[in-house]
Structures are given as C-alpha cells and as structure tokens.
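Let's take a walk through this structure together. Have the sequence and the 3D view ready, and we'll start with the big picture before zooming in.

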Amino acid sequence: MSVPKTTDCRVRCVLPFEAAPSEVTLLRRAAARQLSRWNVPVAVDEAEVIVTELATNVVKHVGEGASAMLVLEWRRDRLRLEVHDRSPALPSLRDADCYEECGRGLHLIAGLAVGWVAVVTAGGKAVWCEVPLSAETDCLRIERAVEALERYQGAESGAGRRGRSRDAALEKCAVELVADLLHWTAARGHDPEDVLDRAHMHYEAEAEMA
C-alpha cells in the first residue's frame, strides 16, 4: 500500500494487489478506508462496487495470481478509479441476457460512474472511470439511475412509453434490479440484508444533508 501523493489539486493513492478473490475483498475495504481518510464518504458505496467489479475482471480475464494495481485519484469534484494489469486485451461492453450471472459488470460500472475507459498501456492496460462529487451529484445520480433502468429494462420493452406508463415500467424494473443486485451481493459472500441496511442508512444520511 502506498502513501497518498498530493499534486496540484489532486490526491492519489496507489494500491498494488494480486488477482485473487480474497484480495478483492481486502482491496475494496482498503479503498473505502482511504476515501474515509479523504472525507469523501459520498462516493464510498459506488467506489466499493466499482473496485469489486474492476478487480474481479482481472481475476476472471487475466488470471489468478496476476499482479495489478488500483489507483484512487481525488480531483475535488470527482473521484477517478483506475485498475492497471499486464494484459493488453481490452474489455468490451456487451449485451447481457437477463438470466446471465456474468456480463453485467461493465454495465453496472457505467451506471454508477460517468462512463468508463479502457486503454492499452506500455505495461498492459488500464481501465478507469470517474464518480462525480460536485453539488450536482444527486441530479447526476438520478439521471444515471434512469439511464441504468432503461438499459436494464431493454430497448424493446421500454420503447414508446411515456408518462405514467413509463414511470410504472421503470418502477417495476427498479425492483427487479434491486433484487438482482442482492443476488450479486449474496453470490460474492455478502449479507444482502446488511447491504440493504447500509444502503438505506446512506440514503437517509444524504437526505438529511440535502
């Protein structure tokens, strides 16, 4: 684990890790602790999910035991999360069937962050995304939520719907998405009820601050 570095208006923290399921959990916790030290708790939940997905992709597609590195960079109004590994093979965003357990990771990241980027580097590749931290975060979250729900729902089922019909369809989709996310947490060894409680506490804390 490296000491955070400050340059201009940026603060960086580099966390090397080894591609292994047990390391993913430790990496997620280390990232959460670092964000708490920086006093940016508004991004902790999003960062934990993104770090888990990016690190898990290294385990799955690069191989267990591979050396990798997580870089956290706080730029005042946004948080960048980067994962570097030694494989030059770039990930691709593909349509995942609603019954597939895999293939949703990048869609989930795209829904939580302001897009994502994968680039070839001199030593392999880097995959990064950014989470906004500005005063407009709540509006951006709502916009991303609608976008994620519409993508999750599918173009055919959502096409042409407006007003209450569209809202009802998105509400139904939101319930299904939450259920799928609980399955996702359980599959990774977490307690779904604990995740729900934490999410609700996070929501209430932000609502009180609004």
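## The big picture

Look at the contacts in the protein chain between residues at least 6 apart in sequence: 64% of them join residues at least 24 apart. Keep in mind that what you're looking at is a predicted model.

The protein chain has 7 helices and 6 strands. If you read along the sequence, they come in the pattern β-β-α-α-β-β-α-β-β-α-α-α-α. Of the chain's 210 residues, 35% count as buried. The accessible surface adds up to about 12500 Å², and carbon and sulfur atoms account for 55% of that.

## Helix α1 and what follows

Helix α1 covers residues 21-37, which makes 17 residues. From the first C-alpha to the last it reaches 25 Å, close to the 24 Å expected at 1.5 Å a residue.

Which residues of α1 are buried? They are Val24, Leu27, Arg28, Ala30, Ala31, Ala32, Gln34 and Leu35. As background, an α-helix has 3.6 residues a turn, so residues three or four places apart point the same way. Just after α1 you'll meet asparagine 39, which takes a positive phi of about 65 degrees.

## Threonine 56 in helix α2

Next up is helix α2, residues 44-61, where threonine 56 lies. Is threonine 56 buried or exposed? It's buried: the relative accessible area of threonine 56 is 15%, and the cut-off for buried is under 20%.

The side chain of threonine 56 has a polar partner, reaching the backbone oxygen of threonine 52 at 2.6 Å. Leaving aside residues up to four places away in sequence, threonine 56 touches Val24 and Arg188. Val24 should ring a bell, as it's one of the buried residues of α1.

## Two hairpins

Now for the strands. Strand β3 (residues 67-74) and strand β4 (residues 78-85) run antiparallel and are joined by 7 bridges. One pairing to look for is valine 71, whose bridge partner in β4 is glutamate 82. The two strands β3 and β4 form a hairpin with 3 residues between them. In that turn, arginine 76 has a positive phi of about 65 degrees.

Further along, strand β5 (residues 116-121) and strand β6 (residues 124-132) also run antiparallel, with 6 bridges joining them. Here alanine 118 stands opposite valine 127 in β6. β5 and β6 form a hairpin too, with 2 residues between them. A handy general point when you view strands: in a regular strand the side chains alternate between the two faces of the sheet.

## Alanine 199 in helix α7

Helix α7 spans residues 192-209, and alanine 199 lies in this helix. With a relative accessible area of 39%, alanine 199 is partly exposed.

How many residues separate alanine 199 and aspartate 45 along the chain? They're 154 residues apart, yet their C-alpha atoms are separated by 8.1 Å. Try picking out both residues in the 3D view.

## Cysteines without a bridge

Finally, let's check on cysteines. In general, a disulfide is a covalent bond between the sulfur atoms of two cysteines. How many disulfides does the structure hold? The count is 0.

Two cysteines are still worth finding. Cysteine 13 is buried, with a relative accessible area of 1%. Cysteine 173 is buried as well, at 3%.

Technical notes: Residues are numbered from 1 along each chain as its sequence is written. This is a predicted model: local features need pLDDT of at least 70, side-chain atom pairs count only at pLDDT 80 or more; totals for chains, interfaces and linings use all residues. Side-chain values use heavy atoms; hydrogens and water are left out. Helices (H or I, at least four residues) and strands (E, at least two) are DSSP runs, numbered from the N terminus. Buried means under 20% relative accessible area, exposed over 50%, partly exposed in between (1.4 Å probe, protein chains only). A polar contact is a pair of N or O atoms within 3.5 Å; within protein, one must be able to donate a hydrogen and the other to accept it, and residues adjacent in sequence count only if both atoms are side-chain atoms. Contact means heavy atoms within 4.5 Å. Two strands pair if DSSP finds at least two bridges between them. Accessible areas come from the Shrake-Rupley method with a 1.4 Å probe; for residues, only the protein chains shown count as cover. A disulfide is a pair of cysteine sulfur atoms within 2.5 Å. The expected span of a helix is 1.5 Å times one less than its number of residues.
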